[in-house]
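The exercises below are meant to be worked through with the sequence and the 3D view side by side. Try each task before reading the solution that follows.

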Amino acid sequence: KRICVVGLGYIGLPTAAVLASRGYDVRGVEVNPKVVETINAGRAHVVEPDLDILVQAAVQTGKLKAYGEPAEADIFMLCVPTPVDEKHGPDLSYVEKAAAGIAEHLKPGNLVVLESTSPPGTTEKLADIVEQAAGLTREQVHFAHAPERVLPGKILREVVENDRIVGGLTDAATEVCAEFYRTFVTGELLLTHSRLAEMAKLVENAYRDVNIAFANELSLLADDLDLDVRELIRLANRHPRVNILDPGCGVGGHCIAVDPWFIIHQSPEKSRLIRMAREVNCHKTGWVVQRVLDRAERFKRPRIACLGLAYKPDIDDLRESPAVDIARQLIAAQVGEVMVVEPNLAEHDEFRLTSLDEALDRADVVVALVAHRPFHKISPARLAEKIIIDTCGVLHP
Ligand code: SAJ
């Protein structure tokens, strides 16, 4: 079978490579010509464990090829961005463009799957666009939403092993889509309709945001009481029905910190808890900045080491990273010298990166922002007589 994967980013490229490795003929479609070139040279343009090897094999065997435009296929998968933010609400223009782009290539019996995280009603919108552009109804072409659920850092495993929600616009679409996913997913397939599938995906990420907000709120309460928040949570979590996540310096990434806004925009009056969680998590980032400035006050010209820039441990992804915000705000405060350490990056446009060794040698104040592996190994001796602000439980002074 021929599959056309539209959008070769963090989701589309791994998915395309996995499908190619299962023997499908995959046409990857990407608007960025540089990305097309990189992939056709057998390389991955996103950093993800083992992805390079898989893409190389897929391209070498001729099963995966990237193009700028879609073409005829049996199955179309849309993995395009669906940005949303507090001010502007959802931007579905990439889905709309992709729908218009595939419309002229569609034939009756084709399956169109939307994988992008989308507000309820988007799969219907997709079908409407196709119907207007190509005159094909939702009875002729099967439309379904199968929201991606992969965790960056574990994408290749999770693409295959996670349970997947499959929601068709019609019962027939659900069946056809499930039949396709059964060929490469070993997890369970959960069949439903498209609107429920769309909302379920948003709820998963909003749930995590709310749970982390609870942990971040606890970190402030524990601070007032001079208690160790991690020990507090560890003890509470020993109750069989309590499962609190970890506090940190804020919530980043392109999903957990972003997707709740789809729900809030849809029903602003009713999503009070979800909005509050966003506020609590953003507030935590500002609180960390203030805490550092307060503790650094005793030095005339404090040397502050910020450990970590990425949005979470052991990756090089800086999207929506609270650690970046914190480093930026500390530099803007102009109280002394701010050193930035990010072992997963060789260089950065905005920050001059300092090695971990040098930063530890020179710092008066050490601020741990991301629990990267090398930071776990910092010996207590190297932290002696420094002010320590550990937002992620990685230091052992
Ligand atoms: N974080 C905490 N405390 C925790 C866990 C995470 O502060 O206990 C922070 C991280 O440091 C990071 C942010 O939350 O800044 C998000 O990280 P994450 O690992 O929770 O999630 P993402 O954004 O990398 O991926 C999420 C996943 N969703 C869920 O776990 C419900 C993933 O399965 C989704 O596919 C992905 O969003 C997505 O694309 O929607």
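**Exercise 1. Find the helix that holds Asp224, and decide whether Asp224 is buried or exposed.**

Solution. Begin with the helices, which, like the strands, are DSSP runs numbered from the N terminus (H or I over at least four residues for a helix, E over at least two for a strand). Asp224 is found in helix α8, which covers residues 194-224. Next, count neighbours: a residue is buried if 20 or more other C-beta atoms lie within 10 Å of its own, exposed if 12 or fewer, and partly exposed in between, with the C-beta atoms placed from the backbone. Because Asp224 has 7 C-beta neighbours inside 10 Å, it counts as exposed. Finally, look across to Asn32, which is 192 residues from Asp224 in sequence and 50 Å from it in space, C-alpha to C-alpha.

Two notes apply to every exercise. Residues are numbered from 1 along each chain as its sequence is written. The model is predicted, and local features need pLDDT of at least 70, side-chain atom pairs count only at pLDDT 80 or more, and totals for chains, interfaces and linings use all residues.

**Exercise 2. Describe the chain as a whole: how many helices and strands does it have?**

Solution. The secondary structure comes to 15 helices and 12 strands. The radius of gyration of the chain, taken over C-alpha atoms, is 23 Å, close to the 21 Å of the globule rule (2.2 Å times the number of residues to the power 0.38), so the chain is as compact as a globular protein of 397 residues. Along its principal axes, the C-alpha trace spans about 70 × 50 × 40 Å. Buried residues make up 44% of the 397 residues. For the contacts, two residues are paired if their C-beta atoms, placed from the backbone, lie within 7 Å; among contacts between residues at least 6 apart in sequence, 68% join residues at least 24 apart.

**Exercise 3. Divide the chain into domains, and state what each contributes to the contact between them.**

Solution. The bounds come from an automatic or database domain assignment, and they give domain 1 (2-187) and domain 2 (204-390). The centres of these domains, taken over C-alpha atoms, are separated by 33 Å. The contact takes 10 residues from domain 1 and 10 residues from domain 2. On the side of domain 1 that touches domain 2, the residues divide into five nonpolar, three polar and two charged, where Ala, Val, Leu, Ile, Met, Phe, Trp, Tyr, Cys and Pro count as nonpolar, Asp, Glu, Lys and Arg as charged, and the others, Gly among them, as polar.

**Exercise 4. Which residues come nearest to the ligand?**

Solution. A residue is near a molecule if its C-beta atom, placed from the backbone, lies within 6 Å of it. Of the 20 residues around the ligand, Leu245, Asp246, Gly248, Gly253 and Cys255 come nearest. The shell divides into nine nonpolar, five polar and six charged residues, and it draws at least three residues from each of domain 1 and domain 2.

**Exercise 5. Locate the buried residues of helices α3 and α4, and say what packs against them.**

Solution. In α3 (residues 51-60), Leu51, Leu54, Val55, Ala58 and Val59 are buried. They cover an arc of only 125 degrees around the axis, so they lie on the same side of α3; the arc is that of the directions from the helix axis to the C-beta atoms. These buried residues pack against α1 (12-21), α2 (33-40), β3 (64-67) and α6 (155-161). After α3 comes Gly62, whose phi is positive, near 80 degrees.

In α4 (residues 93-103), the buried residues are Val95, Ala98, Ala99, Ile102 and Ala103. Their arc is only 135 degrees around the axis, which puts them on the same side of α4. Their cover includes β1 (2-6), β4 (75-78), β5 (111-114) and α5 (122-134). Glu96 is also found in α4, but with 15 C-beta neighbours inside 10 Å it counts as partly exposed.

**Exercise 6. In which loops do Asp314 and Glu385 lie?**

Solution. Most residues other than glycine have a negative phi. Asp314, in the loop between β9 (303-307) and α12 (322-333), has a positive phi near 60 degrees. Glu385, in the loop between α15 (380-383) and β12 (387-390), also has a positive phi near 60 degrees. Asp314 is partly exposed, with 14 other C-beta atoms within 10 Å, whereas Glu385 is exposed, with 6.
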